[in-house]
Amino acid sequence: MFQDVHVMIFVGFGFLMTFLKLYGYGSVGFNMLVAAFVLQWATLMRGFLYMEDNTINLDIKSMLSADFAAAAVLISYGAVLGKTTPVQLVVMAFLEIPFLVVNEWIGTVQFQALDIGGSMFVHVFGAYFGLTVARMLYRPEASDSTKEGANYNSDLFSMIGSVFLWMYWPSFNSALAVGDGRYRAVINTYLSLSACAVVTFAMSSAFDKDGRVNMVHVQNATLAGGVAVGTTADMMIQPWGALLIGIIAGTLSTVGFTVVQPFLARLKFHDTCGVNNLHGMPGLLAGVAGVVASLLKLCELGDRSAAVQAEFQMAALFVTIGIALLGGTITGIILQLPVWGKLQSEELFDDRANWEMPGDEDDCEPQPTPSIITDAE
Amino acid sequence: MFQDVHVMIFVGFGFLMTFLKLYGYGSVGFNMLVAAFVLQWATLMRGFLYMEDNTINLDIKSMLSADFAAAAVLISYGAVLGKTTPVQLVVMAFLEIPFLVVNEWIGTVQFQALDIGGSMFVHVFGAYFGLTVARMLYRPEASDSTKEGANYNSDLFSMIGSVFLWMYWPSFNSALAVGDGRYRAVINTYLSLSACAVVTFAMSSAFDKDGRVNMVHVQNATLAGGVAVGTTADMMIQPWGALLIGIIAGTLSTVGFTVVQPFLARLKFHDTCGVNNLHGMPGLLAGVAGVVASLLKLCELGDRSAAVQAEFQMAALFVTIGIALLGGTITGIILQLPVWGKLQSEELFDDRANWEMPGDEDDCEPQPTPSIITDAE
Amino acid sequence: MFQDVHVMIFVGFGFLMTFLKLYGYGSVGFNMLVAAFVLQWATLMRGFLYMEDNTINLDIKSMLSADFAAAAVLISYGAVLGKTTPVQLVVMAFLEIPFLVVNEWIGTVQFQALDIGGSMFVHVFGAYFGLTVARMLYRPEASDSTKEGANYNSDLFSMIGSVFLWMYWPSFNSALAVGDGRYRAVINTYLSLSACAVVTFAMSSAFDKDGRVNMVHVQNATLAGGVAVGTTADMMIQPWGALLIGIIAGTLSTVGFTVVQPFLARLKFHDTCGVNNLHGMPGLLAGVAGVVASLLKLCELGDRSAAVQAEFQMAALFVTIGIALLGGTITGIILQLPVWGKLQSEELFDDRANWEMPGDEDDCEPQPTPSIITDAE
């Protein structure tokens, strides 16, 4: 299970973001940088918070929790993809982790809220933290850039990420579950994702005037079912409950890309990867499903009443949103300090700002392209 | 094991088919659509057939069986790749599953035929079902299309699929095996694949007048060893038996691509991915190997004599072919109904028929390609 | 664990080498050929050496050892990538395995040296064997080839390999460990890799006059932490020990690419993939770390004193280097025999020498590229 989650972080998130035609190096490269940094930093932060006898425990569970923290930061990265320097990114990761760890501590330890797949504490938190940072760093020229788009190959690279996320999502939602709950988490996530994928194709085609499918939806909205079932995955929601959540999630996410994202853009929330559609709104749906499932007594209640559990689920969702907005605002302010550098307008969504490009050293002597490769392409 | 098979379905089959230079979205995208649809539909169909106490069991084994069913449908998809609308594809999947489930029920429950890796019930069935559908949908212009070909990048994407299939094939052939049989299935498949891969390179080079290797063979024929050992993988066929099967499979498959496929094309069996070479003929070889292994008493016979078991193995193979041809014919007739739509000639093997392309919205204002990217490509 | 290592061999090494813009087929294709060949040949050779009762044992452990042997040969392949015919490659693999097996037998059985992740017996051996072969096959025109470079897509394909290697390295270093040692091997490798990745980005940026990151470093040097901790991974080196090794490894490897590789090239050691930087020097570091850890009594010493164990660790490292140089020299001499063929100068780093290219048959009639695909690219 741990290896599956690890694959999602490095291959899944890394390649999912390669859809930008000029930002492939930055997507998969800085994804690796941020993830490797967060694995250490989150282990340390969580270690301090949950320390016993002045010793930080280092085991598979703490590595898994660090992977979850990395997922949240990478979701936030999705919102600001192509709009920051690498230093700004690392600073963002540095600042996000304390907020994330504290929020998770409030939600799971204080409120005893249930969220087995981290839909609230990872997805909602990461999405709205990132969106808030993106809002703080807003620059009008980002919206006009002709570089913010895909090409045929970059879309296929992105599908590598999408498919790995899709396949391993049942492991993500069940990794921290125990006993029968783990079993349920696998099957419910699998059902929700399957329903969500089929619905996404149908919705995407319905939104196009010629009935064609949109690759952005296939890459992203097919995964919304995994997010939306995350809070309730190990509960007794029944197969039809999981399918229903998947259907709603696919619809919500496709509508998000088609309607909500352009609307948010006008409010200066420029969301490069559409994290609101894949993580934000489906995560909210997951939180609401958690409240409903608590009221219906589909989960372990301990000595609480269903109503009390539902209230704490609701409270955890609101606190998560609140801390994400607060943390994102503070982080956004700090990221604007000149010391971290800032991209020039023409460097937005462009690897050449941060990467040595192949062929740079040959700039002066133009080399002839072998004819067969031109044919081949 | 289940996750490995899942990876084969979504990454393996999905990317293996991306070799078409203009059909990468369709390959990996519709692969996901079909697989997600079949996972649900096959679970339901199998659930009805094997229902106990009016309850459909939903567990890892039923998810694994659904993955096997998805594999069969995706093999059929390989035969018609680029020649159907997405609606036709889903209808094909819808119709194929009942035939597949009934055939498997006859073979495993009624005949007690052994086929641990599904070489007959998945590969032979899927290949000849698909080929028959392709024959029914035959259009001469498909054979002349200049779009039906690879380019340098599409071949590399295809190798992602090929390599993942190659690696995880031991899991496919052993997932349903138990005890020592599982162990044998892993090792026999591993040996057969290794021998097959080496032979494929040698044969491919031998077939070229300049001794060069053909990428199509490497992508496909290297995998034939996994199919060909599928029926006997858990039997006591000995390492040299597995190696022998792999050597024959690699030869058979390479010959298939070089000689048989052009011949079939003249009979109007247009086989886009060459599924007859990778799944059809190696699957027949697996079936014959199963008959021979039964005669040699290399398998669990229960209270049957070796001859009786061999007869039932043979019967299962013939019934599989028969139901595949019948099912494919009926499905082909239904798919020609105008209600499902039909591709125009120029839409064959072309993503633009079904997908919004990146850059569509910018059609009017031609954007300058940044010079360095031209260099880089 | 076995499957993880298998993925590293076929996907990891295969795609890592696809960075050459005109040698993608050869990288991933011949990687598969060599690996499939070595899996069989190494199993046989090791089988003879460790035979009991005239029987060769075939189990998961022997398959794992065969995968380790394949890793060593593929590292050597990295040094000569693009500079050999496929026949030369297979001959090299054929000759390398006996040296490798004997060296490993001396090190582990005679010297009882500890090297759980194979940093000496796999990485150091493979790197210096390959470098020596490359030296023997040296041709000045290889250094001047304009074909020896990456492009945007080939670098992204290479990142697929890099990321899979990075993720599964903890499995590589722990696959042969037992009990608590396995647990330590996973966590130490994970820590070393994380530190190494972050340091690599920093160092890479520091070496560029404009502060940009170099993709070659990200693809390779981020992995050096896994090599460098390989010998001591299961020892009680403490988290800070693992982090320290990772930091040194990332620095060493980046310096290797920037300073050492150009220097070696002037000595006619032309190292296509830079295996000295990723496997050679970090492997030496691992060997030294093993000596230090022995002296500090961080490992199981049995009835030896710490000093004796340290001496045998040192001896194993020197013997490995010696046998690699000797074996590489002999192999290099044999590879120059005309019977294996030889690449023409213009065939260096060029798939067209060995592969049928897509579109070859259409050479005469130039086909119009559909406009949208030109846009899309």
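**Three chains, one axis: a group meeting talk**

Okay, let's start with the chains: lay chain C on chain B, and you get an RMSD of 0.0 Å after a turn of 120° and a shift of 0.0 Å along the axis. In chain C, the C-alpha nearest that axis belongs to C:Asn153, at 4.6 Å. The fit itself is by least squares on the C-alpha atoms of residues with pLDDT of at least 70 in both copies.

Before I go on, some housekeeping. This is a predicted model, where local features need pLDDT of at least 70 and side-chain atom pairs count only at pLDDT 80 or more, while totals for chains, interfaces and linings use all residues. Residues are numbered from 1 along each chain as its sequence is written, chains are lettered from A and ligands numbered from 1 in the order in which they are written, and side-chain values use heavy atoms, with hydrogens and water left out.

Back to the axis. In general, two copies of a chain are related by a rotation about an axis and a shift along it. What turn lays chain A on chain B? Here it is 120°, with a shift of 0.0 Å along the axis and an RMSD of 0.0 Å. So these two copies are related as by a three-fold rotation axis. In chain A, the residue that comes closest to the rotation axis is A:Asn153, with its C-alpha at 4.6 Å.

Next up, holes. Rolling a probe the size of a water molecule over the atoms shows where empty space is left. How many cavities of 30 Å³ or more does the structure hold? There are 6 of them, and the largest has about 120 Å³ of space. By cavity I mean a set of points, on a 1 Å grid over the protein atoms alone, where a 1.4 Å probe fits but cannot get out; lining residues have an atom within 4 Å of a point. Grid points are joined across faces, edges and corners, and the volume is the space filled by probe spheres set on the points.

The largest cavity has 15 lining residues, and nearest its centre are C:Leu16, C:Met17, C:Asn220, C:Cys273 and C:His279. Helices H1 (2-16), H3 (60-80), H9 (215-220) and H12 (275-295) of chain C each give two or more residues to that lining. Helices here are DSSP runs of H or I with at least four residues, strands are runs of E with at least two, and both are numbered from the N terminus. The lining splits into 9 nonpolar, 6 polar and no charged residues. For that split, Ala, Val, Leu, Ile, Met, Phe, Trp, Tyr, Cys and Pro count as nonpolar, Asp, Glu, Lys and Arg as charged, and the others, Gly among them, as polar.

Now a few single residues. B:Ser294 sits in helix H12 (residues 275-295) of chain B. Is B:Ser294 buried or exposed? Buried, at a relative accessible area of 0%. The cut-offs are under 20% for buried, over 50% for exposed, and partly exposed in between, using a 1.4 Å probe and protein chains only. A polar atom of the B:Ser294 side chain lies 2.8 Å from the backbone oxygen of B:Gly290. Setting aside neighbours within four places in sequence, B:Ser294 is in contact (heavy atoms within 4.5 Å) with residues including B:Cys299, B:Ala306 and B:Gln313.

Over in chain C, C:Gln112 is in the loop between helix H4 (86-110) and helix H5 (119-136). C:Gln112 is partly exposed, at 45%, and its side chain reaches the backbone oxygen of C:Val109 at 3.2 Å. Not counting residues up to four places away in sequence, C:Gln112 touches C:Gly107, C:Arg304 and C:Gln309. C:Gln112 and C:Met314 are 202 residues apart in sequence but 11 Å apart in space, C-alpha to C-alpha.

Which residues does C:Asn214 contact, leaving aside its neighbours within four places in sequence? A:Trp355 and A:Glu356 from chain A, plus C:Ser204. C:Asn214 lies in strand E1 (residues 213-214) of chain C and is buried, at 17%.

Last one: A:Lys297 has a phi near 60°, a positive value in a residue other than glycine. A:Lys297 lies in the loop between helix H12 (275-295) and helix H13 (306-335) of chain A, and is exposed at 58%.

Notes. Polar contact = N/O pair within 3.5 Å; in protein donor to acceptor, adjacent residues only side chain to side chain. 1 Å grid on protein atoms, 1.4 Å probe; cavity = no way out; pocket = protein on both sides within 12 Å on 5 of 7 lines; lining within 4 Å.
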